[in-house]
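Visitor: Hey, could you walk me through this one? I'm new to reading structures.

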Amino acid sequence: MKIGIVCYPTFGGSGVVATELGIALAKKGHEIHFITYRQPTRLDFFSANLFYHEVDIKSYPLFEHAPYELALASKMVNVVKYEKLDLLHVHYAIPHASAAYMAKQILKSQGLQIPVVTTLHGTDITLVGKDVSYEPVVTFSINQSDGVTAVSEDLRKATYDHFEITKDIEVIPNFIDLDRFKKQKKEHFKLAICPHGESLIVHTSNFRKVKRVEDVIQVFYEVRKKIPVKLLLVGDGPERDKMERLCRELGTCDDVRFLGKLEAVEEVLSVADLFLIPSEKESFGLAALEAMACEVPVLSSDAGGIPELNLDGVTGFVCKIGDIEMMTKRALEILSPENLPGFKQRALERAKQFDVSIILPIYESFYKKTVEST
Ligand code: GMT
């Protein structure tokens, strides 16, 4: 098939899922056209089946905010028309689903038909989308999509709870490429960070408020009172300065390292003993799946779809959002030498269920079904 993928070209979450999906589809022989405002982070190589179309956002002194959605819709129209696409797959409803609707109507007026699949990723529903400033457009554009998917059962339910949706929503979870995300031999790295055999806790995120990075630091602080342990924080974002300050106040700076944005996160995960994801909201938790693929058990909150991935007492533990005391207890349980190997093994086994080779055919048959019914 010839598929247009519209996404945010960003470092984590929906942008990564969209890019990895496009790459995997291209490997299987589909022709993939990415449409976005910057080259997606993981799309930095040549492949005969991959194309990138940059959205040009023209500015003008009259515009306080340049109308990205219009530029995106225009680009979609041109790419669908000239590249003869069979389907558009938009990731993250705002503003991609409504821009796709507009493109579809323009193409229809020219006698062309293009089926649109919208994948809901999380905050487009649970945080931003349900805000009154966007809700009517989000509801309308989801209902106008030819196919809708959500990345977890919880997100599917939240979409029906928050919006008046008349469409069927199919759950297609996040996936992982186990050839890339696997435990690598990085003993020298572990030795450099944990020279005295300390345990290593890792957290990766975009440091937004919903991630509750302060809980990561508080749990680490409590665990550190009981066992020798180090903390690595990967990523960057609005909360980072505050988190650095918190570490200084708690006097933990010597044992905490902020690594910033890292492309090869699997190298850090390869030496980790425990991954923390205490989010306030989390539709799936791709970061946790990446950790599990590298044999790292997960200590998570019970937000959103995380419990569908992280099985309580099996691949790690699931605790109430903000329950630092319980999280500390559970972290110590996982890190105990008699429990850790079992948790690591089970985390990997669980990750295998989300391998790209299993999830990709689900997307392919969803495309087929959508095209046939449009
Ligand atoms: O986690 C983020 O803040 C980024 C966000 C995004 O929209 O790019 O990620 C969302 O989509 C991911 C891919 O489907 C999910 O794995 C994340 O759980 C989800 N984040 C939230 O729901 C907060």
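Guide: Here is a short chat about a sheet and two loop residues. This is a predicted model, where local features need pLDDT of at least 70, side-chain atom pairs count only at pLDDT 80 or more, and totals for chains, interfaces and linings use all residues. Residues are numbered from 1 along each chain as its sequence is written.

Visitor: Cool. In what order do the 6 strands of the open sheet run?

Guide: They go 10-9-8-11-12-13, with parallel pairing. Strands here are DSSP runs of E with at least two residues, helices are runs of H or I with at least four, and both are numbered from the N terminus. Two strands pair if DSSP finds at least two bridges between them.

Visitor: And which are the edge strands?

Guide: Strand 10 (256–260) and strand 13 (316–319), as each pairs on one side only.

Visitor: Which residue stands opposite Val202 in strand 11?

Guide: That's Phe275. Strand 8 (residues 199–204) and strand 11 (residues 274–277) pair over 2 bridges.

Visitor: New topic: what's the phi of Lys84?

Guide: About 55 degrees, so positive, although Lys84 isn't a glycine. Most residues other than glycine have a negative phi.

Visitor: Is Lys84 buried or exposed?

Guide: Exposed, because 10 other C-beta atoms lie within 10 Å. The cut-offs are 20 or more other C-beta atoms within 10 Å for buried, 12 or fewer for exposed and partly exposed in between, with C-beta atoms placed from the backbone.

Visitor: What about Arg212, buried or exposed?

Guide: Arg212 counts as buried, with 24 C-beta neighbours inside 10 Å. Arg212 has a positive phi too, about 50 degrees, and lies in the loop between strand 8 and helix 8.
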